[in-house]
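Have the structure open in your viewer and keep the selection box handy. We will go from one selection to the next and see what is there.

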Amino acid sequence: MVLRSSLKNCLQLSCILRTPKADFRNTTSGGLIVQSVSNDVYQNLAVEDWIHDHMNLENRQVLFLWRNSPAVVIGRHQNPWRECTLRLLRQKKIKLARRRSGGGTVYHDLGNINLTFFTTRKKYERMENLKLVVKALKSLRPQLDVHVTDRYDILLDRHYKISGTAAKLGRTTAYHHCTLLCNADKFVLSAVLKSPYKGLKSNATPSVPASVKNLFEEDPSLTCEMLLDAIAEEYATQHQVDHHITVINPADETVLPGINNKTKELQTWEWVYGKTPKFSVNTCFDMVYKDSVLDVKVDMDVKHGRIEVCNIDLPEQWLPPALCSELVKSLTGSKFCPNETTTLATTLLRVCPQDDELQSRWNLLCENLITLM
């Protein structure tokens, strides 16, 4: 029986984490099954980076098990404005993270299991990893209709996607990670994984929509702990390693030196948004002011998450031309971000003439611009 990540594990954590860091990093043979005690998406993605960058994988393989509190995770080359409803993420306090692997956007919560398989680049084989997951599921519930597709997804009942996959191939090491939908909130998943933004043109990698289903809908008697144990046991059997799960704390620098800097980097605006491939916004919106409907055209080029070119076409004399020019000038070079745009608009408003109608028009324009972000 695989040692579970239970209260007992947590009580033993201090002993486990006192293992000399050289042993954790550089054991030269065998396999290792590691489980995170953290549900923070940035910490867990940092563990992936740390293992990839620091562990000697020449004669060993590592399976990393982890779960996150609500988060949307985009691929390295994706555009968050195109992939999700950022306003809803902010409202629901759902974290947005950019991982270092490719692939599409996924929604994580505690009803979702994440698995990362680490090997040398030569031994990298994601089809075998996914077959391992399917075999573990079948060992628990032989009646489950699950199989791996040529696109490296796992389907339930030949139609519903329960696992997506992505990978990072380094010069000598590689990892393949996948999700497993157990009991995720499908209402939130479907609400956040769509873009409301219009007129956005980008060469960023788009996600491919799919019908999804939770495993627990098929069999409510399953639990995440059962699935984690079954996958760990199958991994141990296939790789002929001890079934023991090593529990780690992704904030512990004594075991993972430099990990906190990796975590901080993954949270920065420059990484999450600034790594977005160049894109443009060419759109029109209607502003309702008093009894009139005004047509406004906006054209922006955004590079590294910052507005590189900005044009706002307003009805003639609706705002003083000098004020509109000042807005365009201020936006150019700024982050394509509601907080920064709000700050800029508020600052410019202070130098406006103290005219109530002018300020109302200004606020209306800025509120509409922010909806594009």
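Start with the lining of the second largest pocket, which by class has 13 nonpolar, three polar and three charged residues. Keep in mind as you click that this is a predicted model. To find the spot, select R90, L96, W269, Y273 and N339: of the 19 lining residues, these lie nearest the centre of the second largest pocket. The volume here is about 360 Å³.

Now color the elements around the second largest pocket. Helix α6 (86–92), β4, α12 and α14 (338–349) each supply at least two residues of its lining. Which of these gives the most? That is α6, with three residues.

**Next selection: the two domains**

Color residues 30–273 as domain 1 and 279–372 as domain 2. The contact takes 13 residues from domain 1 and 14 residues from domain 2. If you place a marker at the C-alpha centre of each domain, the two markers lie 39 Å apart. With both colors on, go back to the second largest pocket: its lining draws at least three residues from each of domain 1 and domain 2.

**Next selection: helix α11**

Select residues 259–267, which form helix α11, and show the side chains of its buried residues, I259, K262, T263 and L266. They cover an arc of only 100° around the axis, so they sit on the same side of α11. Turn to the face away from that buried side and you will find the exposed residues N261 and K264. What do the buried residues of α11 pack against? Select α4 (41–54), β4 (95–98) and α12 (269–272) to see their partners. Two of these names are familiar from your earlier stop, as β4 and α12 also supply residues to the lining of the second largest pocket.

**Last selection: the largest pocket**

About 1,000 Å³ of space lies in the largest pocket. Select G104, T105, V106, K161 and V208, the closest to its centre of the 46 residues that line it. Then add the elements that each supply at least two lining residues: α5 (80–83), β5 (106–108), β6 (112–120), β9 (160–163), β10 (165–169), β11 (173–181) and α8 (186–192). Which element has the largest share of this lining? Strand β11 does, with four residues. Finish by coloring the lining of the largest pocket by class, and you will have 20 nonpolar, 18 polar and eight charged residues on screen.

Technical notes: Residues are numbered from 1 along each chain as its sequence is written. This is a predicted model: local features need pLDDT of at least 70, side-chain atom pairs count only at pLDDT 80 or more; totals for chains, interfaces and linings use all residues. Side-chain values use heavy atoms; hydrogens and water are left out. Buried means under 20% relative accessible area, exposed over 50%, partly exposed in between (1.4 Å probe, protein chains only). The arc is that of the directions from the helix axis to the C-beta atoms. Contact means heavy atoms within 4.5 Å. On a 1 Å grid over the protein atoms alone, a cavity is a set of points where a 1.4 Å probe fits but cannot get out, and a pocket is an open set with protein on both sides within 12 Å along at least five of seven lines; lining residues have an atom within 4 Å of a point. Grid points are joined across faces, edges and corners, and a volume is the space filled by probe spheres set on the points. Ala, Val, Leu, Ile, Met, Phe, Trp, Tyr, Cys and Pro count as nonpolar, Asp, Glu, Lys and Arg as charged, and the others, Gly among them, as polar. Domain bounds come from an automatic or database domain assignment.
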